[in-house]
Amino acid sequence: MEEKLRVGVISSTHGLRGEVKVFPTTDTPNRFQKMKEVILDTGKEELTLAIEGVKFFKKFVILKFKGIDDINDVEKYKGKELYVTRDKAQKLGKDEYFIADLLGIAVVEDNGRKLGHIKDVIETGANDVYVVEMEEKKDLLIPAIKQCILKVDVEAGQMDVHLLEGLLEE
């Protein structure tokens with residue numbers, strides 16, 4: 001399991017006082033209001049930055065970090081990712097999982113047949129869709145609904161599924 005979870009990507013600077021425009025990669029961008037710090041991955045090192053201010057602008061979150069007061073100090077962070085540690089991550093409800101924990105786990109049909117591994121999760125308005133990479137076949141798309149997803153065991157690295165008619169092209 002990943003120890004750090006991505007919560008956003010710095011898309012650009014905002015104003016002249018060191019603020020950044022962040023594209024949130026979390027389901028609930030409002031969580032930034034409760035966050036005290038984030039981890040910035042510069043590609044060479046990881047910096048823990050204290051959050052001083054949070055605003056919202058369209059689909060973006062505007063962050064102000066303590067000690068960074070000039071546009072020139074944040075310019076170099078464009079395109080860099082922001083993370084939180086798992087212990088500071090948002091609490092999950094029943095049958096909720098972090099996408100990072102689902103990627104790579106085995107997918108097994110209810111008859112015991114191994115289908116492949118989750119390679120991506122597509123977030124739609126209604127429900128997520130799991131993209132299963134199958135050997136020598138096209139990717140399989142499984143909707144994240146109770147009729148299809150029987151059991152998820154992140155610790156064991158396995159998801160048990162029931163395929164509704166028409167999901168698997170044979």
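Strand β3 (residues 37-41) runs antiparallel to β6, and 3 bridges hold the pairing together in this predicted model. Within that pairing, I39 has Y83 of β6 as its bridge partner. On another side of the story, β6 also pairs with β1, again in the antiparallel sense, this time over 5 bridges. Here L5 sits opposite V84 in β6.

Those two pairings belong to a barrel: 6 strands close up in the order β1-β2-β5-β4-β3-β6, with antiparallel pairing. Leaving direction aside, neighbouring strands of this sheet are turned by 50 degrees against each other on average. Elsewhere around the barrel, β2 (residues 19-24) meets β5 (residues 60-65) through 3 bridges, also antiparallel. V20 stands across from L63 in β5. As general background, strands of a sheet pair through backbone hydrogen bonds, in either a parallel or an antiparallel way.

Two residues in this part of the chain deserve a closer look. E19 is part of strand β2. Its relative accessibility is 16%, so E19 counts as buried, the cut-off being under 20%. The side chain of E19 makes a polar contact of 3.3 Å with the side chain of K55. K58, by contrast, is exposed, because its relative accessible area of 75% is over the 50% cut-off. K58 is found in the loop that links β4 (46-57) to β5. Its backbone is worth a glance too: K58 is not a glycine, yet its phi is positive, at about 55 degrees. For context, most residues other than glycine have a negative phi.

The model has a second sheet to consider. This one is open, with 6 strands in the order β10-β9-β8-β7-β12-β11 and mixed pairing. Its edges are formed by β10 (140-143) and β11 (149-153), each of which pairs on one side only. From one strand to the next, the twist averages 35 degrees. Within the open sheet, β7 (residues 106-109) and β12 (residues 158-161) run parallel and are joined by 4 bridges. V107 faces M159 of β12 in that pairing.

Then there are the pockets. The largest pocket has a volume of about 980 Å³. Its lining is made up of 35 residues, and those nearest the centre are D27, L92, Y97, F98 and I99. The elements that contribute two or more residues to this lining are β1 (4-14), β6 (81-85), α2 (99-102), β9 (128-133) and β11. That list takes in β1 and β6 from the barrel, along with β9 and β11 from the open sheet. Sorted by class, the lining of the largest pocket comprises 17 nonpolar, 4 polar and 14 charged residues.

The second largest pocket holds about 160 Å³ of space. Lining it are R31, K34, M35, K36, E37, V84, K88, A89 and Q90. In terms of class, that lining breaks down into 3 nonpolar, 1 polar and 5 charged residues. Two names there tie back to the barrel: V84, the residue opposite L5 in the pairing of β1 and β6, and E37, which falls within strand β3 (residues 37-41).

How values were computed: Residues are numbered from 1 along each chain as its sequence is written. This is a predicted model: local features need pLDDT of at least 70, side-chain atom pairs count only at pLDDT 80 or more; totals for chains, interfaces and linings use all residues. Side-chain values use heavy atoms; hydrogens and water are left out. Two strands pair if DSSP finds at least two bridges between them. Axes are lines fitted to C-alpha atoms, for helices over the stretch in contact, and angles run from 0 to 180 degrees between N-to-C directions. On a 1 Å grid over the protein atoms alone, a cavity is a set of points where a 1.4 Å probe fits but cannot get out, and a pocket is an open set with protein on both sides within 12 Å along at least five of seven lines; lining residues have an atom within 4 Å of a point. Grid points are joined across faces, edges and corners, and a volume is the space filled by probe spheres set on the points. Ala, Val, Leu, Ile, Met, Phe, Trp, Tyr, Cys and Pro count as nonpolar, Asp, Glu, Lys and Arg as charged, and the others, Gly among them, as polar. Buried means under 20% relative accessible area, exposed over 50%, partly exposed in between (1.4 Å probe, protein chains only). A polar contact is a pair of N or O atoms within 3.5 Å; within protein, one must be able to donate a hydrogen and the other to accept it, and residues adjacent in sequence count only if both atoms are side-chain atoms.
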